[in-house]
Amino acid sequence: DEAATYMDYIDEGITSLFFYKSPNNHIFHSILAKISISIWGVSQYALRFPAILFGSFNILLIYYLTRKISNKLTAIISCFFLSAHPLIIHYDTLARGYSIITTCSLLLFYACWEYKRTYNFGYLILIPIVSCVGFFTHLPFLFSFSGIILWFLYELYKEGKEHKKYILSNLIFIFIGTFFLSLVLYTPTLILGYGIDQFINNKYFISSNIFGEYPGGLFSFFIRLSDYFFFKSKIICLGVFILLAVNYSKIKILSTFFILQLIVFFIITGIMRSIPPERTLLFLLPFIIIAISISISSLLKSHYKKIIFLPLIHLQFTFFIINQNMLQKYNGYPELQFIIDFLKQDPLPVLVVNRSYNICKPLKYYFQINNITDPIDFINFKNIRSTDLMNLDSSNYVILNKSDKIEKNNFKIVFETNDYQILKSIN
């Protein structure tokens, strides 16, 4: 996806930059990334700079938000967990818009919290402004927006009769403001793309089974989501659940927020009859971290016997943080640069045979930014036959993933990494 962001949207013309036939384009991020590489040139650092910038801002934002909700100690704990969580690190250093979605979610919650507390009209204005940026980044921001606004309206309703009169007027203002501001931002996409059809008839949105069959795949989705957030450790997942349950009274507001988010998830997926990818709900992780931090902070201030849980939690968390096998998958494809260095020494036409589209895109990206312009063909493993490879002569390199089992009798291995082999015909 990161390579596709550059090659399909950023490196193309203005029409491709605003293209949304596939929701793979996080438009606001793509615009910022294009500005970044225009200033600093084409490099992974420039491409990832906007994501890193918003990711760094999220650390400050979660500190400020947690301090508003709880106290300084809790805010410091939240910053630690957010800045050390491998999944957050991965998406905050990836050239995609997920860190921007997290920023918009935290800012939206903060604006709703402050308006509920002060009834300052400035915070009410901030709500549609932040929301339209979230929608302009990625339309699945709808999950975050709907859940937070539903929580906001529920909290207003609880305030009493004198505040219930604000609910309808606030709701109308937020929805109309968000709709028109988002429409303004999406105007170039509507004009340069396929109009409204690219959203209504998008195969990833309505009745899609790409990420699981609806409704049968919902249970599997939540299992994958828990693995996603808690390092595929049922022990950590259970520990977090127990920790939050024991401290329910301390996190009642966030508990209500999580329940309403769950309701919104079922409503949206029910209407669309499709299951989103787990990363769509990545915005929830900072709020889970805040709830965990509040719980840990309350344990530190309560009866000393409960503190025995803290070393256990810390030990589990640290173990998974330093587990290199766990973290390697977040490093992208570091071996591809070694392949590029080899091909630079003896440039020949290249045939890439691989079963995975996800590998081909990064290879194309590396080839392009390294100015390897010799003919390159990408062939899907399912469509290749051994006889096709046997007809190649020694003027071609074949890049093959080791997991792709193809007859190699007529080839010699000229370069090898942990996952890849570069072959050359001996004909």
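1. Start with Lys 116: in this predicted model, Lys 116 lies over the face of Trp 113, 4.9 Å from the centre of the ring. With a cut-off of within 6 Å for the distance, plus within 35 degrees of the ring normal, that counts as a charge over a ring.

2. Trp 113 has aromatic company too. One cluster is formed by Phe 109, Trp 113, Trp 151, Phe 257, Phe 258 and Phe 287, so the ring under Lys 116 is also a member of that group.

3. There's plenty more of this kind to look at: the count of aromatic pairs comes to 30. Take Phe 121 and Phe 173, whose ring centres are 5.8 Å apart with the planes at 50°, so this pair is tilted. The tilted label goes to angles that are neither under 30 degrees nor over 60.

4. Where do Phe 121 and Phe 173 lie? Phe 121 is in helix α8 (residues 121–137) and Phe 173 in helix α10 (residues 161–192), so the pair ties together parts 52 residues apart in sequence.

5. As for exposure, Phe 121 is partly exposed, at 47% relative accessible area. Phe 173 is partly exposed as well, with a value of 31%.

6. Also have a look at Phe 179 and Phe 180, which make an edge-to-face aromatic pair: 5.4 Å from centre to centre, with 80° between the planes. Phe 179 is exposed, with a relative accessible area of 52%, while Phe 180 comes out as partly exposed at 48%. Those two labels rest on the cut-off for exposed, which is over 50%.

Note on methods. Residues numbered from 1 in each chain as written. Predicted model: local features only at pLDDT ≥ 70, side-chain atom pairs only at ≥ 80, totals over all residues. Heavy atoms only, no water. Phe/Tyr/Trp six-rings, centres within 6.5 Å; stacked < 30°, edge-to-face > 60°. Helix = DSSP H or I, 4+ residues; strand = E, 2+ residues; numbered from the N terminus. Buried < 20%, exposed > 50% of the residue type's maximum accessible area, 1.4 Å probe, protein only.
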